[in-house]
Amino acid sequence: MNSGSSSDEPGHAPVLRDEVIELIRPKPGGVYVDCTLGGAGHASAILEAAGSGATLIGLDRDPGAIERSGKRLARYGGGVELHNCRFEDLKVPLAGRLADGILIDLGVSSFMLDDAARGFSFQREGPLDMRMNPREGRTAADIVNAAGERELARIFREYGEERLAARIARMIVRRRAEKPFETTLDLAQVAVAAYPKGRQRIHPATRMFQALRIAVNGELEHLEQALLDAVSALKPGGRLAVISFHSLEDRIVKHTFARLARGCICPPKTPVCICGHKADAALLTRRPITAGEAETDKNPRARSAMLRAVQREAA
């Protein structure tokens, strides 16, 4: 969930807002990039903390998020630039500039989750869409009604870590032979039927819907390269903060940050470093920062948020 927005919009509070600000350290005149605007909650907090003369470059692949954020951030005037694009394309709107801080919030916007017409929720009746940009790409319905059984099982297993991936895929293929899937609740019932009766820790459709959303939007395909590009777009001493919401994302962020922070890459038994390799970044978080009880009580969606950050080293 991309954290969302302000205190006057219940349910859309930016996740780990104070922790993000502490890590990004906004300052007057700085250049900051919010790669996943959502409801502009983090963007507003960055601008408020930065003070005068700061520039906020906001990106989002959802045209609706750009429209909402434009209204909310209008009071900051010319210090705000908004671009309807994916976060992996962040170097395009930067146009050669280097940033003092970059934030990437990898979740789904609360506005999307709460809008049944977007098709992200298995608890609300809506079309099987799940596209973050409703103007491009395949829908979830396209995938579940056309992909082969083995491909569906792979998607559920790899992107959702779903232990019943094969069973659910088989049930989907059998059912769609009679009638194509069209709605969220219709599809969710397959997962419910696949699980044994009894009390489940999470809704049976949770992992399946996560997997489909990732597949529809290609969320993991370019993440590692996007992180590398983000660090290279920072000024020396600039900071990148990333919020992830499930283990697949966090694993990529963790390993990429560790690689960026590695200095010598000589073979282990080499007595003296001869490679001359320098670390590109320094880790600011050895372990992910998570939301405290006070925040999760107010915003249950913050429970799965994991925040990691690095600082770019001098060239």
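**Figure 1. Lining of the largest pocket in the predicted model.** Helix α10 contributes five residues to the lining of the largest pocket, the most of any element. The helices that each supply at least two lining residues are α5 (110–114), α10 (206–217) and α12 (247–260). In total the pocket is lined by 29 residues, and those nearest its centre are F122, T206, Q210, R213 and S304. Sorted by class, the lining comprises 10 nonpolar, 10 polar and nine charged residues. The volume of this pocket is about 990 Å³.

**Figure 2. The largest cavity and its lining.** The count of cavities of 30 Å³ or more comes to one. The largest cavity has a volume of about 260 Å³. Its lining is made up of 25 residues, with T36, R61, F87, G107 and M132 lying nearest the centre. Of the lining residues of this cavity, 10 are nonpolar, seven are polar and eight are charged.

**Figure 3. E219 in the loop between α10 and α11.** E219 has a relative accessibility of 9%, and therefore counts as buried; the cut-off for this class is under 20% relative accessible area. When residues up to four places away in sequence are not counted, E219 touches L106, M132, R213, I214 and E249. Two of these contacts also appear in the earlier views: R213 is among the residues nearest the centre of the largest pocket, and M132 is among those nearest the centre of the largest cavity.

**Figure 4. Helix α11 and the elements packed against it.** Helix α11 spans residues 223–232, and its buried residues are L223, A226, L227, D229, A230 and V231. These buried residues pack against two helices and four strands, namely α4 (91–94) and α12 on the helical side of the list, and β4 (99–105), β5 (234–244), β6 (281–283) and β7 (306–312) among the strands. Helix α12 also supplies at least two residues of the lining of the largest pocket.

**Figure 5. Strand β2 between β1 and β3.** Strand β2 covers residues 55–59, and five of its five residues are buried. T55, I57 and L59 are buried on one side of the strand, and L56 and G58 are buried on the other, which leaves both faces covered. Strand β1 (residues 31–34) runs parallel to β2 and is joined to it by four bridges. One of the bridge partners is G58 in β2, matched with D34. Between these two strands the chain passes through helix α2 (residues 41–50), in a β-α-β crossover that is right-handed. Strand β3 (residues 80–83) also pairs with β2 in the parallel sense, over four bridges. Here L56 has V80 in β3 as its bridge partner. The β-α-β unit made by β2, helix α3 (residues 63–72) and β3 is right-handed.

**Figure 6. K278 in the loop between α12 and β6.** K278 is exposed because its relative accessible area is 66%, where the class begins over 50%. With neighbours within four places in sequence left aside, K278 is in contact with R262 and G263. The C-alpha atoms of K278 and A261 are 8.5 Å apart in space, and these two residues are 17 residues apart in sequence. Strand β6, which follows this loop, is one of the elements against which the buried residues of α11 pack.

Definitions and conventions
Residues are numbered from 1 along each chain as its sequence is written. This is a predicted model: local features need pLDDT of at least 70, side-chain atom pairs count only at pLDDT 80 or more; totals for chains, interfaces and linings use all residues. Side-chain values use heavy atoms; hydrogens and water are left out. On a 1 Å grid over the protein atoms alone, a cavity is a set of points where a 1.4 Å probe fits but cannot get out, and a pocket is an open set with protein on both sides within 12 Å along at least five of seven lines; lining residues have an atom within 4 Å of a point. Grid points are joined across faces, edges and corners, and a volume is the space filled by probe spheres set on the points. Ala, Val, Leu, Ile, Met, Phe, Trp, Tyr, Cys and Pro count as nonpolar, Asp, Glu, Lys and Arg as charged, and the others, Gly among them, as polar. Buried means under 20% relative accessible area, exposed over 50%, partly exposed in between (1.4 Å probe, protein chains only). Contact means heavy atoms within 4.5 Å. Two strands pair if DSSP finds at least two bridges between them. A crossover is right-handed if, with the strands pointing away from the viewer, the path from the first strand over the helix to the second runs clockwise.
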